[in-house]
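Here is a set of exercises to work through with the model open beside you. Try each task before you read its solution.

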Amino acid sequence: MRVFIAGIDGYLGWPLAQYLTARGHEVAGIDKLLRRRWVEEVGSHSAIPVYAVYERLHAFRERFGTPLTFHEGDLLDYALLCDVLAAFQPDAVVHLAEMPSAPYSMIDQAHAAFTQHNNVIGSLNMLWAMKAVCPQAHLVKLGTMGEYGTPNVDIPEGFFEVEFRGRKDVLPFPRQANSFYHLTKVHDTHNTMFACKTWELRATDIMQGVVFGTQIDEMGDDPRLRSRLDFDQCFGTAINRFCCQAVIEHPLTLYGSGGQKRGFLPMRDSMQCLTLAIESPPEPGEYRVFNQFEECYTVEELALKAQVAAAAVGITVEIQHIDNPRTEQEAHYYNPDRSHLIALGYEPTHDVAAEMRIMINDLKAHRDRILARRDALIPDIRWDGTRRRSQVIGAVLTSVKS
Ligand SMILES: NC(=O)c1ccc[n+]([C@@H]2O[C@H](COP(=O)([O-])OP(=O)(O)OC[C@H]3O[C@@H](n4cnc5c(N)ncnc54)[C@H](O)[C@@H]3O)[C@@H](O)[C@H]2O)c1
């Protein structure tokens, strides 16, 4: 199949290009290289070195024996988006090109406005461009499990049957997003559902859990093919951050009680799930929702697993509870469904503990890079709109061994 990846330079886009090409798909993509700039802006860098685009493309051709068509460009440039889609005529479009950080969207008015504009208008442009130039193509749109929030009932895959005042209907399950970033995904969900209903587009909206991991097999041992791995307060997601903290013997910092429960999945399983979705498109006009995660854990359970994984490679780390910068429930019910991907044949490959051991081993080689930007581990972006560094967090920092 011809697969176009928007956001191809990102944490998931770059490995997905390799995973699909290794399976015989023809891949092209677009990226404005914004993620590279955002991480610099928040005072950090990727623990795993990220090579220049031309070096990545060179390595790609060497490894897979075929060039990767890459466009440096912005989804907000509607004419450009139409042109590149028209030239490639994709069978599937995987849309990953959004600003993916909740804390970044909560920094201040400017960052919230940027996030909403970039994500909502970029996705809207994608819908219009597909309608205009490739209406038969299948849109695989990345949403997030965070759209649902943490309701005190089970979470279905997108829709549920409701009975109200004696009448029944199947309706979208309520979205209760908890940041201006997550709210962009809710807007996207409604826009995508509407476009399918109105224009007969076909889409799979993937409510993805938190992805973690440093590698997929297709990368081999070429460092230019590795994906980025961030650990800062904005772009470092829980397991990735814990593994980086472990490598520099920094206490594993839990926000508040650590009872927040979420769904997680390794990068290699995220690739498998996205590929299953691409290879089994819905019918024209169909809008379907997949919840995509492997297992649910509390953040404290994950920290304990990271502590054990670190011990297995001779690293001793403490777990430390710090002031929660977010306004969120720290203890709650959480029971989402995830049967649609399993019905398509999804089989988990690695459990969390095994993947964490691989990550810690990979990251040990980059210990100095993490140490050099360890300040970025400290969360000071608060949901109440103020920004301050707590004394507890400062104490954590000064205790780190360098
Ligand atoms: N990584 C996760 O744990 C996770 C979990 C749930 C959902 N998601 C979603 O999956 C998608 C990909 O996530 P990721 O972790 O790879 O993020 P990422 O930031 O690494 O990748 C997104 C890429 O899109 C590009 N981009 C953003 N806006 C753009 C624009 N207007 N025009 C062109 N390029 C643009 C960025 O430069 C970046 O390379 C995001 O939509 C994210 O919300 C990710």
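**Exercise 1. Two helices that cross**

Work out how helix H10 and helix H12 are oriented to each other in this predicted model, and list the residues that make the contact.

*Solution.* Start with the geometry: H10 covers residues 299-312 and H12 covers residues 352-364, and their axes cross at roughly 55 degrees and come within 9 Å. Next, compare the angle with the classes: under 35 degrees counts as roughly parallel, and 65 to 115 as roughly perpendicular. The pair fits neither class, and H10 and H12 are therefore oblique to each other. The crossing itself is right-handed. On the H10 side, the contact is made by Leu-302, Lys-305, Ala-306, Ala-309, Ala-310 and Ala-312. H12 brings in Val-352, Ala-353, Met-356, Arg-357 and Ile-360. Sorted by type, the contact residues are nine nonpolar, two charged and no polar.

**Exercise 2. A second helix pair**

Find the angle class of helix H1 and helix H3, then say what their contact is made of.

*Solution.* H1 spans residues 13-22 and H3 spans residues 53-64; the two pack at about 20 degrees with axes 11 Å apart. That angle makes H1 roughly parallel to H3. H1 and H3 also cross in the right-handed sense. From H1 come Trp-14, Ala-17, Gln-18, Thr-21 and Ala-22, and they meet Arg-56, Phe-60 and Phe-64 of H3. By type, this contact holds five nonpolar residues, two polar and one charged.

**Exercise 3. How covered is H1?**

How many of the residues of H1 are buried, and what covers them?

*Solution.* Go along the helix first: Gly-13, Trp-14, Pro-15, Leu-16, Ala-17, Gln-18, Tyr-19, Leu-20 and Thr-21 are buried. That is nine of the ten residues, so H1 is mostly covered. Now look at the surroundings: the cover includes S1, strand S2 (26-31), H3, S4 and H9. Just past the helix, check the backbone too, where Gly-24 has a positive phi near 90 degrees.

**Exercise 4. One glutamine**

Is Gln-272 buried or exposed, and which residues does Gln-272 touch?

*Solution.* Place the residue first: Gln-272 lies in helix H9. H9 (residues 267-279) lies across S9 and S11 and runs at about 80 degrees to S11. The cut-off for buried is under 20% relative accessible area. Gln-272 has a relative accessibility of 14%, so Gln-272 counts as buried. Leaving out residues up to four places away in sequence, Gln-272 touches Tyr-19, Gly-345, Tyr-346, Glu-347 and Thr-349. Tyr-19 is one of the buried residues of H1.

**Exercise 5. Two sheets**

Give the strand order and the edge strands of the seven-stranded sheet, then do this for the sheet of three strands.

*Solution.* The open sheet of seven strands has parallel pairing and reads S3-S2-S1-S4-S5-S8-S12. Strand S3 (69-72) and strand S12 (287-292) each have a single partner strand, so one side of each lacks a neighbour in the sheet. From one strand to the next, the twist averages 20 degrees. Inside this sheet, strand S1 (residues 2-6) runs parallel to strand S4 (residues 92-95), joined by four bridges. Val-3 has Ala-92 as its bridge partner in S4.

The open sheet of three strands runs S9-S11-S13 with mixed pairing. Its edges are strand S9 (210-212) and strand S13 (295-298), each pairing on one side only. Neighbouring strands here are turned by 45 degrees on average, direction ignored. Strand S11 (residues 261-266) and S13 are antiparallel and share four bridges, with Arg-262 partnered by Tyr-297 of S13.

**Exercise 6. A hairpin**

Describe the pairing of strands S6 and S7 and say how many residues of S6 are buried.

*Solution.* S6 and strand S7 (residues 167-172) pair in the antiparallel sense over six bridges. Phe-159 stands opposite Pro-172 in S7. Two residues lie between the strands, and Arg-165 in this hairpin takes a positive phi near 50 degrees. As for cover, S6 (residues 159-164) is hardly covered: zero of its six residues are buried.

Key
Residues are numbered from 1 along each chain as its sequence is written. This is a predicted model: local features need pLDDT of at least 70, side-chain atom pairs count only at pLDDT 80 or more; totals for chains, interfaces and linings use all residues. Side-chain values use heavy atoms; hydrogens and water are left out. Axes are lines fitted to C-alpha atoms, for helices over the stretch in contact, and angles run from 0 to 180 degrees between N-to-C directions. Angles under 35 degrees count as roughly parallel, over 145 as roughly antiparallel, 65 to 115 as roughly perpendicular and the rest as oblique. A crossing is left-handed if the near helix is turned anticlockwise from the far one by less than a right angle, and right-handed if clockwise. Contact means heavy atoms within 4.5 Å. Ala, Val, Leu, Ile, Met, Phe, Trp, Tyr, Cys and Pro count as nonpolar, Asp, Glu, Lys and Arg as charged, and the others, Gly among them, as polar. Two strands pair if DSSP finds at least two bridges between them. Buried means under 20% relative accessible area, exposed over 50%, partly exposed in between (1.4 Å probe, protein chains only).
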